[in-house]
Amino acid sequence: MAVAGATPQDVSVELGKQVSTASERPKWGSRGQFIMVLMGYAIGLGNIWRFPYMCGKYGGGAFMIAYLVSLFCIAAPLFVFETVLGHKYQLGPVGTFTNMYAPWAGVAYVSIIMTCVILTYYQALLGWAVIYFVQSFAAKLPWHPDECGGCTTGDYFGQTVLNAASFGDEGGWDVQGKLFLALMAVWFVTWLALIGGKNVLGKIAYFTVLFPVFLLIIIFCKAVTLEGAGDGVAYYITPDMSHLTKANTWSAAASQILFSLSPAMGTAIAMSSYHEKSYDKLLQDNLVIICCNTGFSLFGGFAVFSIVGYLAGQRGLPVEEVASAGTGLAFDVFAEVLTLFPGGSSPFFSVCFFFMLLLLGLDSAFAFVETLQTYVVDF
């Protein structure tokens with residue numbers, strides 16, 4: 001790593017080490033592995049949870065328009081540029097920026113901080129999903145009012161799952177045993193996926209990326225049959241054009257696609273650096289990754305808003321009020337809808353939904369940790 005004040009001889013030695021490191025780097029076993037790992041990195045919890053929430057808050061179809069404009073004008077060019085940089089220099093973020101201009105190496109270290117913060121938050125969310133997934137195997141869902149003494153799904157999430165306490169309350173700093181175990185389970189699975197190297201990770205990504213699509217199709221087929229599903233879909237695809245005149249709609253759309261594709265995190269640079277120098281299909285790979293990421297969000301929106309429309313009818317509330325439930329959209333709104341499915345199908349669809357959330361989150365976490373590993377190896 002070049003440092004400020006280094007002599008030309010020091011820089012030459014450092015660059016020579018980087019060239020040697022690049023030539024000895026492990027490589028992807030196939031083109032498909034690279035595509036699946038980066039696709040899994042991009043397609044995460046935000047596609048099925050945050051994207052619909054943003055649509056509900058910012059005018060349905062109007063948000064989609066702003067989202068697509070932000071994709072083509074901001075996020076996609078940045079994502080493609082990062083993969084080109086990683087492939088060109090055959091190094092991780094630090095080595096890439098050092099080769100471009102040595103003082104820029106600090107930019108790569110900012111990405112480390114961002115990755116660590118997001119990864120910590122991400123793994124905690126997956127821990128919640130683990131608890132719901134395990135509890136979904138019960139004959140009757142534990143958060144059903146008949147099973148939890150008439151509590152709401154929001155109460156069950158806050159009091160039973162999180163055991164939340166107000167800041168300063170007695171016991172507010174106690175470690176919650178099941179949350180701790182769930183978090184450790186998530187980290188253990190992440191470690192298992194990464195110890196085998198790039199090729200093993202690439203093979204695992206085929207399952208963690210493709211199987212959620214299958215589960216989403218199952219949920220979609222059920223959701224569109226629910227009463228009121230059409231009202232939810234109508235809100236989803238009908239733009240409230242007044243929102244396009246508001247700056248916060250465009251800001252939210254840009255933040256969503258940047259959150260999803262996540263350029264500037266160093267992952268696209270790190271993953272593309274494991275290609276052979278002669279690889280010439282990077283642009284096509286980027287198009288596949290970007291289109292599939294956007295397609296998953298858009299298709300997932302139909303499933304989500306079908307469910308939201310059904311619940312809005314059950315509650316007697318406007319669709320937009322139910323859809324803009326924030327974090328509770330997954331662990332409150334969806335959990336409540338799952339208890340209302342007829343014919344004893346609730347546990348099956350609950351298992352499908354929360355297993356889908358787990359897989360979507362895990363493959364993003366795999367990519368985040370692999371990026372951090374690249375920083376360490378290239379240091």
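A nonpolar core here is a set of buried Ala, Val, Leu, Ile, Met, Phe, Trp, Tyr and Cys residues joined through side-chain atoms within 4.5 Å, where buried means under 20% relative accessible area, exposed over 50% and partly exposed in between (1.4 Å probe, protein chains only). The model is predicted, so local features need pLDDT of at least 70 and side-chain atom pairs count only at pLDDT 80 or more, while totals for chains, interfaces and linings use all residues. Residues are numbered from 1 along each chain as its sequence is written, and side-chain values use heavy atoms, with hydrogens and water left out.

**View 1. The largest nonpolar core and its best-connected members.** This core has 110 residues, and the ones touching the most other members are Ile 48, Phe 63, Tyr 132, Phe 331, Phe 353 and Phe 354. Helix α16 chips in the largest share, 16 residues. (Helices are DSSP runs of H or I, at least four residues, and strands are runs of E, at least two, numbered from the N terminus.) Off on its own is a second, separate core of five residues, including Phe 97, Ala 108, Ile 269 and Tyr 375.

**View 2. Zooming in on Ile 48.** Which residues does Ile 48 touch, leaving out those up to four places away in sequence? Taking contact as heavy atoms within 4.5 Å, the list runs Leu 216, Phe 296, Gly 300, Val 304, Met 356, Leu 357 and Leu 360.

**View 3. Helix α16, residues 346-378.** The expected span of a helix is 1.5 Å times one less than its number of residues. For the 33 residues of α16 that gives 48 Å, and the end C-alpha atoms do sit 48 Å apart, so the two agree. Why call α16 largely enclosed by the rest of the structure? Because 27 of its 33 residues are buried.

**View 4. Helix α11, residues 247-261, and its neighbours.** With 15 residues, α11 reaches 21 Å from first C-alpha to last, close to the 21 Å expected. Its buried residues are Thr 249, Ala 252, Ala 253, Ala 254, Gln 256, Ile 257, Ser 260 and Leu 261. Those buried residues pack against α2 (31-42), α3 (45-57), α4 (61-89) and α13. Just past the end of α11, Ser 262 takes a positive phi of about 50 degrees.

**View 5. Asn 286 in helix α13, residues 282-315.** Is Asn 286 buried or exposed? Its relative accessible area is 2%, so Asn 286 counts as buried. Setting aside residues up to four places away in sequence, Asn 286 touches Phe 79, Val 80 and Thr 83.

**View 6. Arg 315 and Glu 336, a salt bridge between helices.** Side chains of opposite charge can pair when their charged atoms come close. A salt bridge here is a side-chain nitrogen of Lys or Arg within 4 Å of a carboxyl oxygen of Asp or Glu, and the whole structure has four. Arg 315 and Glu 336 meet at 2.3 Å, N to O. Arg 315 lies in α13 and Glu 336 in α15 (residues 328-340), so the pair ties together parts 21 residues apart in sequence. Both are partly exposed, Arg 315 at 34% and Glu 336 at 21%.

**View 7. Two further salt bridges, Lys 140 with Asp 146 and Asp 280 with Lys 281.** Lys 140 and Asp 146 meet at 3.2 Å, N to O; Lys 140 is partly exposed at 36%, and Asp 146 is exposed at 57%. In the other pair, the closest N and O atoms of Asp 280 and Lys 281 are 3.7 Å apart. Asp 280 is exposed at 58%, whereas Lys 281 is partly exposed at 35%.
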